[in-house]
Amino acid sequence: MSIAIILFATLISCGQKNQRNNALVEYVPEETEIAVKISNLATLQSDLKNSAFYNQFKLSKSWDYVDNGNNFLKHIQPIGEGVLCLKQNDTSSTFTFITRNHPEIFNTDSIPEATIQASSYKKNNIVEVKIDGELSYKSVVDSLLIISTSEEILQEIVDGSSTKNSAFKKALKLEANEENVMVFPIKCSISSDTIGSSFDQLASLRYKIIPNGVTAAGVLINRDTLPNLTTLFKGLSPQPNQLPNIVPLNAKKAISITFDDHEILANNLRRFHTDSVNLSPVFESISEIGFIETPSGVSYVLHSIDSEITGEELAPYRAEPSSFKETALFSLADNDQLFDIFSEILPKTEVSVTFELDDYFVFSSNETSAKEIVTAYKNNATLVNTQYFENTALDLSVSSSVSVYSLNGNVDNFLAELLGVQAKKANGFPLIVGQITADRGFAHINLVAKEAKAFQESSGVIAELFNFSIDNTILSAPQFFSNHRTNGKDIAVQDVQNVLHLISSSGKVLWKKQLDGPILGQIKEIDILKNGKKQLAFCTPKTLHVLDRNGKNVKPFPLKYQDEITQPLAVFDYDRKRKYRFVVTQGNEVFMYDNKAKIVQGFTFKNTQSDILFPPKHIRMSNKDYIVIAEENGKLNILSRVGKDRVIVNKRFNFSEIPVFSEGNKFVVITEEQSKETISQTGKTTALPLNVSENYYFTIYGSTKVTLDDNLMRINGKLVELPFGLYNKPQVHVSNRNTYVSITELQEKRVYLFDKNGNAIKGFPVYGSSVVDLADANRNGKSNLVVQGGENEIVLYEIR
């Protein structure tokens with residue numbers, strides 16, 4: 001009887017022993033907290049050492065033990081996969097490594113100064129190895145080599161004990177053998193930067209470590225029946241993540257949660273709260289709730305699927321509106337309860353300002369952060385428009401239940417824990433993203449951190465240097481004016497009270513001057529004293545002004561007139577010797593003055609038969625000077641410097657709003673009938689029907705030719721199809737030896753910028769409501785763009 005019992009017990013024992021021979025996971029010690037399944041130890045060690053990401057951080061204990069050359073892992077040569085197990089308490093950590101045994105795996109004889117001591121434990125040999133002062137213990141169990149820094153743990157494994165945590169075993173078994181997999185409990189909260197997660201779950205992530213970053217994918221597994229991240233999204237389908245469309249480029253962190261049924265979400269959320277909490281009707285029309293942290297504050301963001309309904313539900317919360325960039329900023333009448341129910345997943349904060357941008361409803365902690373988001377959104381200076389986001393998005397899902405974004409080198413505790421590092425700044429990593437997508441009983445995790453120095457350098461980011469509001473509505477678009485002291489540019493702008501302002505490129509008002517009327521056309525920049533100190537020359541309806549850079553009159557100007565000046569001032573500098581000719585137009589009369597405000601006696605042309613349509617224009621062609629004057633009756637006068645007819649044009653034209661210009665060695669007129677009339681220097685005319693719309697426009701500067709036909713623009717022949725809208729006239733600019741073409745859509749207030757080859761400048765369109773001026777205002781090799789924003793707002797951008 002006793003023999004049968006012994007035989008039966010032996011069979012059972014053998015069965016149990018054989019049962020765990022097949023998988024390394026069956027030998028994981030009890031109470032293991034973290035386990036790393038390593039597909040190839042030498043490769044992983046090399047990847048960690050060569051990683052631009054991991055080299056910047058203090059690594060988690062498990063990654064550090066792999067990467068650190070001062071432990072037993074340095075001396076082993078496993079074939080195939082192994083499992084590194086970490087068990088820790090308040091005072092110490094123990095490591096155990098399990099892999100397939102082979103003769104050369106751990107040759108202690110070849111290790112200098114290693115001390116070896118063998119012992120026996122229940123018929124198993126246990127070898128104590130001391131290397132560089134660190135003790136480790138090794139034994140072969142069921143053809144597996146097991147090495148541990150704890151003799152007690154090794155004995156327990158010999159005894160047949162292993163982790164009884166079924167969730168832990170399941171997590172280790174889930175991932176493919178060829179991957180490096182880490183299984184660990186989530187300890188950090190998504191909603192704060194403190195340790196202590198409200199979600200009792202295990203993460204099982206497989207890592208791909210490359211020289212310029214790391215990606216990881218895996219699952220979250222529930223450890224018990226307590227509410228967790230998976231139950232929070234039970235019964236909900238993830239929706240597309242729209243938050244990157246509104247996250248400013250200077251943001252530090254952002255969180256997005258999506259859902260398709262607010263009632264199910266509300267029921268799930270109530271499981272986390274002991275008291276009764278209701279979800280506001282505001283969320284009935286919402287598909288995504290976001291959180292954004294910027295240097296100036298924090299904001300909640302709602303993405304609406306029906307902005308009209310959302311707006312109606314929010315009406316009771318809004319009070320005392322103000323305006324910024326034509327966006328209404330409302331103070332919040334009640335801000336205590338809207339977002340409290342999301343405290344398990346979104347940081348809890350007080351908000352005081354709310355506003356609407358298309359389908360987004362934003363709640364900000366202060367007005368500064370609200371304006372920051374409005375400015376970024378209207379300028380397209382948001383995360384979705386960066387090349388590094390585009391590169392990262394290749395490894396992201398379009399839809400997720402939760403997305404966590406660490407931006408501008410910031411790495412929060414939650415993403416740091418997933419990556420196996422301690423949180424700190426990460427140079428060269430402007431974006432790190434973690435995504436969680438709930439499934440039935442578990443959740444998928446996706447993690448991306450890619451180096452992006454190269455993308456930042458070529459991304460063409462547009463920075464808003466300042467927006468400045470003057471007291472009254474702007475009358476004419478701001479333009480640059482040279483500052484001889486800084487060699488940069490200041491900004492000149494006139495308001496509806498006819499006050500001329502000069503503002504520095506840093507936003508400081510240098511002076512204001514009351515004028516006697518609106519400036520006609522653009523201000524001309526001249527150097528009348530020939531000393532490098534520039535002046536502003538322009539006409540108002542009754543005065544020809546020349547001002548120095550301090551706003552003082554340059555004697556003998558101004559010149560006053562009884563009759564009205566009807567065209568903007570024309571300034572000619574025939575030989576570029578600063579021997580200026582100032583040309584003033586009154587109806588059909590022309591007056592030409594020299595630098596001393598005297599009538600130029602040699603210019604004999606005095607008047608036309610009908611009113612003059614455009615400012616007289618100087619054109620140099622084939623080393624000859626021409627002065628072109630177009631009349632209301634259709635006559636085109638092409639004169640010499642002295643005002644005599646130089647080219648006789650017999651044909652009459654129905655002039656359009658497009659001024660006469662030169663192309664090649666010919667003069668060109670675009671008529672109201674959309675005909676291109678070419679005039680040779682002998683007066684011969686040739687007509688070419690254009691077959692274009694009534695909104696056609698043409699301009700040329702040097703070798704750059706631009707046409708606009710409704711929303712179709714051609715730049716040197718290359719077609720640029722603009723969004724449908726109402727556009728002003730395209731302009732050609734030269735800055736830092738680069739040629740640009742600008743155009744503004746006036747209804748949506750969007751400024752577009754292209755190079756001379758018709759390629760869009762990255763970062764555009766930006767917010768603006770007028771024609772623009774372009775120059776290197778700060779003499780730093782970067783072009784600046786100045787434009788009117790709101791009705792009294794000046795905005796200065798830098799193209800980086």
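**Backbone exceptions, salt bridges and surface charge**

Asn380 lies in the loop between helices α9 (367-378) and α10 (387-393). In this predicted model, the phi angle of Asn380 is positive, at about 60°, although the residue is not a glycine. Asn380 counts as partly exposed because its relative accessibility is 23%, and the buried class is reserved for values under 20%. A positive phi also occurs at Ser143, another residue other than glycine, where the angle is near 70°. Ser143 is placed in the loop between strands β6 (134-141) and β7 (144-148). With a relative accessibility of 47%, Ser143 counts as partly exposed, since the exposed class begins over 50%.

Two cis peptide bonds were examined, each of which leads from a phenylalanine into a proline. The bond from Phe557 to Pro558 is cis, with omega near 15°, and Pro558 is found in the loop between β30 and β31. The bond from Phe764 to Pro765 is likewise cis, with omega near 10°. Pro765 belongs to the loop between β49 (750-755) and β50 (766-767).

At the level of the whole chain, the secondary structure comprises 12 helices and 53 strands. The radius of gyration of the protein chain is 37 Å, whereas a compact globule of 800 residues would have a value near 28 Å. Along the principal axes, the C-alpha atoms fill a box of roughly 135 × 65 × 50 Å. Of the 800 residues in the protein chain, 54% are buried. Ile619, in strand β35 (residues 617-621), is one of the buried residues, as its relative accessibility is 5%. Between Ile619 and Lys598, the separation is 21 residues in sequence and 23 Å in space, taken from C-alpha to C-alpha.

The structure contains 23 salt bridges. Three of these pairs are described here in turn. In one, the side chains of Lys512 and Asp471 meet with an N to O distance of 3.6 Å. This pair links distant parts of the chain, 41 residues apart: Lys512 is in strand β27 (residues 509-514), and Asp471 is in the loop between β23 (462-469) and β24 (479-483). The two partners fall into separate accessibility classes, because Lys512 is partly exposed, with a relative accessible area of 48%, whereas Asp471 is exposed, at 65%.

A second salt bridge joins Asp490 and Arg549, whose closest N and O atoms are 3.1 Å apart. Asp490 is situated in strand β25 (residues 488-494) and Arg549 in the loop between β30 (543-547) and β31 (559-560), so this pair ties together parts of the chain that are 59 residues apart in sequence. The loop that carries Arg549 also holds Pro558, the proline of the cis bond from Phe557. Both charged partners are buried: Asp490 has a relative accessible area of 2%, and Arg549 has a relative accessibility of 7%.

In a third pair, Arg641 forms a salt bridge with Asp625, the closest N and O atoms lying 2.8 Å apart. Arg641 is in the loop between β37 (636-639) and β38 (645-647), while Asp625 is in strand β36 (residues 624-630); the contact therefore connects parts that are 16 residues apart in sequence. Here one partner is buried and the other is not, since Asp625 has a relative accessible area of 6%, whereas Arg641, at 31% relative accessibility, counts as partly exposed. This pair is not isolated: Asp625 and Arg641 are linked with Asp575 and Arg620 in a network of salt bridges.

On the surface, a patch of negative charge is formed by Glu263, Glu284, Glu308, Glu312 and Glu313. Helix α8 (residues 307-314) gives the most to this patch, with three residues. Glu263 belongs to helix α7 (residues 262-270). With a relative accessible area of 42%, Glu263 is partly exposed; Glu263 therefore satisfies the accessibility criterion for patch residues, which requires over 30% relative accessible area.

Notes
Residues numbered from 1 in each chain as written. Predicted model: local features only at pLDDT ≥ 70, side-chain atom pairs only at ≥ 80, totals over all residues. Heavy atoms only, no water. Patch = residues over 30% accessible without salt bridge, like charges linked within 9 Å, V, L, I, M, F, W, Y side chains within 5 Å. Areas by Shrake-Rupley, 256 points an atom, 1.4 Å probe, with all protein chains shown as cover. Salt bridge = Lys/Arg side-chain N within 4 Å of Asp/Glu carboxyl O. Lys, Arg positive; Asp, Glu negative; His and termini not counted. Charge placed at Lys NZ, Arg CZ, Asp CG, Glu CD. Helix = DSSP H or I, 4+ residues; strand = E, 2+ residues; numbered from the N terminus. Buried < 20%, exposed > 50% of the residue type's maximum accessible area, 1.4 Å probe, protein only. Rg over C-alpha atoms; globule rule 2.2 N^0.38 Å.
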